[in-house]
Amino acid sequence: MSDGNTGTNNDGITAATAPPDGFSVHGQDIPWLLRHWAEHRSDHPALVWDPPEGPGRTWTYAELLHDTQRVTVGLAELGVRHGDKVLLHSDNCPEMVLAWLACATLGAVAVTTNTKATPSEIAYYAAQTESSVAVTQPGFVEAITESGAKLRWIAVIGGSDGDAGEGDKTGAAPELIPFDRLHGDPAAWQGRPIEPLLPFGIMFTSGTTSRPKGVVHTHGNAVWAGRTGSRNIDLGPDDRYLIYLPFFHVNAQSWSFFTVLGVGATAVLTPKWSISRFWDVVVRQRITHISVMPFTMGVLAAPDRPRSDLRVGVFGQVGTALDAMLGLKVYAGYGMTETVIHCISGKPSEHLPAKSMGRPVPGYECAVVDRETGRECGVGEVGELWLRGRRGIQLFLEYYGNAEATEAAFQGDWFRTGDMVVLGEGGNVFYRERDKDLLKVGGENVSAREVEDVIGGVPGVRSVAVVGKTHDFLNEVVVAFVIPAPGDSGEAASDQSEQLAKAILDECRTRLSAFKVPRAVYFVDAFPLGTLDKVLKKELRDMADARPPV
């Protein structure tokens with residue numbers, strides 16, 4: 001307790017002498033975690049690669065540390081320094097994971113980007129983060145070079161000196177090198193001081209702003225995720241978590257891999273989700289834990305599902321009916337890229353009400369707030385979920401290079417999630433809706449405003465409103481309502497509309513990732529408007545759902 005006068009508590013600790021990380025992650029970072037398990041569980045499987053074709057491989061914790069340090073030295077020998085940004089543009093593969101861990105070990109920052117990105121989006125990611133080099137797969141080299149990103153070199157996974165080439169000697173294009181050039185001598189790595197609050201990664205997430213924001217995670221965030229995630233979902237050191245979601249997402253990185261690393265368990269990595277391979281991998285790899293997405297439920301609920309070790313699925317809510325349908329225990333986990341790990345969670349053993357997201361995880365403070373008045377909501381009232389925690393530990397550090405967006409995301413110490421929830425009896429939190437301008441397409445966040453900005457620049461478009469249309473497999477897809485500029489009438493107008501729709505979709509395909517491109521363009525004479533001429537997007541969503549499936 002502070003005495004209120006000297007700034008010294010009863011134990012003689014002053015603010016000046018207290019560590020900036022508040023002890024919770026003191027003396028710990030990602031390379032420390034790797035060394036810890038290499039010492040204490042050296043022969044235990046850490047990472048398993050299980051591809052549909054070609055050889056798989058298992059890394060023990062000792063081998064994972066060895067190969068991570070090997071790539072760390074290779075990065076350093078090729079000029080990557082403490083604090084540098086490395087663009088990792090790759091689908092799931094072990095080389096991506098090793099490069100990601102090596103960046104953290106070196107003290108560099110891995111910028112993991114969505115492989116569905118267009119060249120213009122890649123250019124934005126690289127410029128926004130000041131990335132200086134890149135690691136990718138052969139299929140993405142053309143998109144990166146076409147982006148014009150100012151990179152010194154691009155390491156190509158699976159490439160060779162012969163097919164990678166030496167790049168443009170004029171310096172106009174980055175040098176292409178094989179990933180094997182990153183294999184240095186691990187014995188040459190001398191280590192570096194532990195810095196818990198040092199940034200290690202940047203992931204881009206779409207919100208309601210027109211451009212994706214780069215969410216900065218620190219080593220302290222990673223340590224917190226490992227410690228908290230495993231407790232939230234009862235994952236122990238002998239459990240095995242299947243990672244099928246893209247590794248450029250927080251679910252794969254924090255909810256899955258760091259949760260595993262926190263207890264010295266095993267991560268099983270596959271290139272992507274596969275209906276046909278799912279049960280084979282689960283049974284053969286003795287999977288115990290997975291992340292459950294809406295598109296996985298059909299396979300999990302299949303009446304002919306085989307006997308397996310799978311017992312835990314992490315989803316957004318709990319419910320005994322869901323447990324019975326899927327044949328496993330569903331643990332609730334709510335979070336987002338900015339919260340690093342589940343900040344609200346619930347377990348079947350807690351006997352929570354159906355559809356509860358759970359209760360706040362220790363370390364996070366939660367409030368449900370009326371958006372209009374700022375008043376804290378009572379039980380049963382819908383409000384925006386606000387969260388409080390230590391930035392760089394429980395919450396992300398900042399939006400990289402975007403102080404304005406970082407400031408707008410916080411109300412004092414409180415992070416505003418944009419999600420609407422209800423506080424129920426017993427501290428249970430129930431989800432209601434997401435911000436109307438943030439769509440969720442098959443697990444990918446899409447900013448309606450970003451799509452509207454692209455469409456609004458197409459000649460012939462007077463006004464545009466983008467909403468989500470319900471979709472059986474992807475949850476929702478993007479559709480656009482467009483008011484065209486005045487033009488012809490009759491048959492000529494119909495031809496004009498067809499041409500305009502084509503122009504809109506062509507522009508979107510050029511500038512936006514495929515999952516952001518509208519599945520349909522609906523031409524209307526006017527939008528439904530509310531108070532102060534505000535577009536009523538709920539009515540537009542209803543209008544979209546009333547139209548034929550897309």
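**Exercise 1. Work out what surrounds the largest cavity and how its lining divides up.**

Leu242, Tyr244, Thr270, Lys272, Trp273, Ser274, Arg277, Phe278 and Val281 line the largest cavity. A quick word on what you're looking at: this is a predicted model, where local features need pLDDT of at least 70, side-chain atom pairs count only at pLDDT 80 or more, and totals for chains, interfaces and linings use all residues. Residues are numbered from 1 along each chain as its sequence is written, and side-chain values use heavy atoms, with hydrogens and water left out.

Step 1: get the term straight. On a 1 Å grid over the protein atoms alone, a cavity is a set of points where a 1.4 Å probe fits but cannot get out, and lining residues have an atom within 4 Å of a point.

Step 2: sort the lining. You get five nonpolar, two polar and two charged residues (Ala, Val, Leu, Ile, Met, Phe, Trp, Tyr, Cys and Pro count as nonpolar, Asp, Glu, Lys and Arg as charged, the others, Gly among them, as polar).

Step 3: add the volume. The largest cavity holds about 60 Å³ of space, a volume being the space filled by probe spheres set on the points, which are joined across faces, edges and corners. Searching the whole structure turns up one cavity of 30 Å³ or more.

**Exercise 2. Explain why Cys93 and Cys103 are not bonded to each other.**

Step 1: recall the chemistry. A disulfide is a covalent bond between the sulfur atoms of two cysteines. Here the cut-off is a pair of cysteine sulfur atoms within 2.5 Å.

Step 2: check the distance. The closest cysteine sulfur to that of Cys93 is in Cys103, 13 Å away, so it is too far for a bond. Cys103 is in no disulfide either, and the structure holds zero of them.

Step 3: look at burial (under 20% relative accessible area is buried, over 50% exposed, in between partly exposed; 1.4 Å probe, protein chains only). Cys93 is buried at 4%, and Cys103 is buried at 0%.

**Exercise 3. Place Gly226 and find its contacts.**

Step 1: find the helix. Gly226 sits in helix α7 (residues 219-232); helices are DSSP runs (H or I, at least four residues), numbered from the N terminus.

Step 2: judge burial. Gly226 counts as buried because its relative accessibility is 1%.

Step 3: list the contacts (heavy atoms within 4.5 Å). Leaving out residues up to four places away in sequence, Gly226 touches Phe258, Thr259 and Gly262.

Definitions and conventions
1 Å grid on protein atoms, 1.4 Å probe; cavity = no way out; pocket = protein on both sides within 12 Å on 5 of 7 lines; lining within 4 Å. Helix = DSSP H or I, 4+ residues; strand = E, 2+ residues; numbered from the N terminus.
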